[in-house]
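User: Could you walk me through reading a few features here? I would like the general idea each time, then the case at hand.

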Amino acid sequence: MTFSLSKIINLDPPTFVPDAVIVGAGVIGLSIAWRLSQKGMRVVIVDPKPLGGASWVAAGMLAPVSEANPGEEELVRLGLKSLQRYPSFVKELEDFSQMEVGYISSGTLEVGLDANDRAEIEFLHSFRSKLGLETKLLDSTATRKVEPSLSPGIQASVSIEQEHQVDNRLLCQALLKAVYLGGGYFYQATIAELKFDEKKPLKTLVAENGIKISSPNIVIAAGAWSGDIKGIIPQLPIYPIKGQTLRVRLPESYLGYQKIIRGLAKGYHVYMVPRKHGEIIIGATVEDKGFDTTITVEGIYELLRNITSLLPNISEATIEETLAGLRPGSPNNAPILGSFATQGLFVATGHYRNGILLTPVTSDALSDCVIDQVDPAYIEYFSPNRFLKDA
Ligand SMILES: Cc1cc2nc3c(=O)[nH]c(=O)nc-3n(C[C@H](O)[C@H](O)[C@H](O)COP(=O)(O)OP(=O)(O)OC[C@H]3O[C@@H](n4cnc5c(N)ncnc54)[C@H](O)[C@@H]3O)c2cc1C
């Protein structure tokens, strides 16, 4: 079941002073808006194209372990906290919205195709084991026992049982509905600038169309575009990282993939995420191309070449969709979360490759920030004020 956006979006600004305004209706902005409305706040969400960003394009892997890289230990900690929170978050959202979000506990198999890929997989296994993360190294035979469709050439794999997936599009729609049911007001506009006077309680957002909206609390959650809003100090060091993806469908006789397969194929990263009803998401390129979201022959060729070298039977699939999205990149791949020095101004962005995973913990943390006007200790590392010295 889907929930129609056109029924709930307003072309006119609100005629009331909201308790909070959220800039951006991706998973991050919507989940914060939902939490705030649950806590009794009247919320306005401003976006020119709700769900028009990365949240709709994502693959929905909840993968703090297979995304864990050296130097990102704080991010891993936050990711694990969010992963743990997922089941209760999903239950609450599904109960409230009366919509399913396709949460599946399937585990990940991370495979290496050639000897160099195997060496990289073994290195990551050892790094993650040192962090206390549960991963199991499997040889070629054991790997193909777990997933018989894998190429006989696969050298080794790491099994990560604790990782899961959610259908990000269903999650987006359920959040949209939950915000609406909670009394949220959607206003279709692009915010250009923030204006405030430290002595006055209300801050004002100015849209590109000149319309102004004032509120005591403003949350910036505009994904890869968050750094473009003027008047925010410090300016947010957010940049777009393009990812091209494919959605394909295998003939019924081939169905039966359970696990997320991530892999290295001759040094190239690729993954496939099998959904409940036969859809498979293949991703994703990682490109520094500014705000470009075109689909390129090179990008799609690379994805198909890499995935079919790991899973030859994917070549039997029909292509249903190609789409590119912009991940909100940030320094050290760490999100930017919490309050600015200016009272009543908050941010939740820079989730890069992990925004779907980090949705529960971000919405918990940011709604606490707004309600209590104090940041919870577990997001201190991610504070926007870490960039103040560079301002
Ligand atoms: C190919 C790909 C695969 C991914 N796979 C995964 C995955 O498997 N697991 C995972 O955890 N994460 C994944 N991610 C990352 C994840 O999608 C993002 O981190 C997450 O969606 C960010 O959510 P967001 O709400 O911050 O941004 P977005 O979803 O981009 O939403 C931002 C919103 O802000 C709006 N906006 C922009 N500018 C303005 C403005 N000036 N005024 C008002 N509104 C504005 C936009 O219209 C948009 O709707 C993937 C991303 C990509 C691109």
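User: Which residues form a nonpolar patch on the surface?

Analyst: Patches are made of residues with over 30% relative accessible area and no salt bridge (a side-chain nitrogen of Lys or Arg within 4 Å of a carboxyl oxygen of Asp or Glu); nonpolar side chains (Val, Leu, Ile, Met, Phe, Trp, Tyr) are joined within 5 Å and like charges within 9 Å. Here Phe96, Tyr180 and Leu181 form one, with about 280 Å² of accessible area together (Shrake-Rupley, 1.4 Å probe, only the protein chains shown counting as cover). This is a predicted model: local features need pLDDT of at least 70, side-chain atom pairs count only at pLDDT 80 or more, and totals for chains, interfaces and linings use all residues. Residues are numbered from 1 along each chain as its sequence is written, and side-chain values use heavy atoms, leaving out hydrogens and water.

User: Where does Phe96 lie?

Analyst: Helices are DSSP runs (H or I, at least four residues), numbered from the N terminus. Phe96 lies in helix α3 (residues 73-97). With a relative accessible area of 34%, Phe96 is partly exposed, meaning between buried (under 20%) and exposed (over 50%), with a 1.4 Å probe and protein chains only.

User: How many residues of α6 are buried?

Analyst: In α6, 11 of the 14 residues are buried, so this helix is largely enclosed by the rest of the structure. Among them are Leu171, Cys172 and Leu175. At the start of α6, the backbone nitrogen of Arg169 has a side-chain oxygen of Asp167 within 3.0 Å. Just after α6, Gly183 has a positive phi of about 95°.

User: What follows α1?

Analyst: Gly40 does, with a positive phi near 95°. Within α1, the buried residues include Trp34 and Arg35.

Key
Helix = DSSP H or I, 4+ residues; strand = E, 2+ residues; numbered from the N terminus. Polar contact = N/O pair within 3.5 Å; in protein donor to acceptor, adjacent residues only side chain to side chain.
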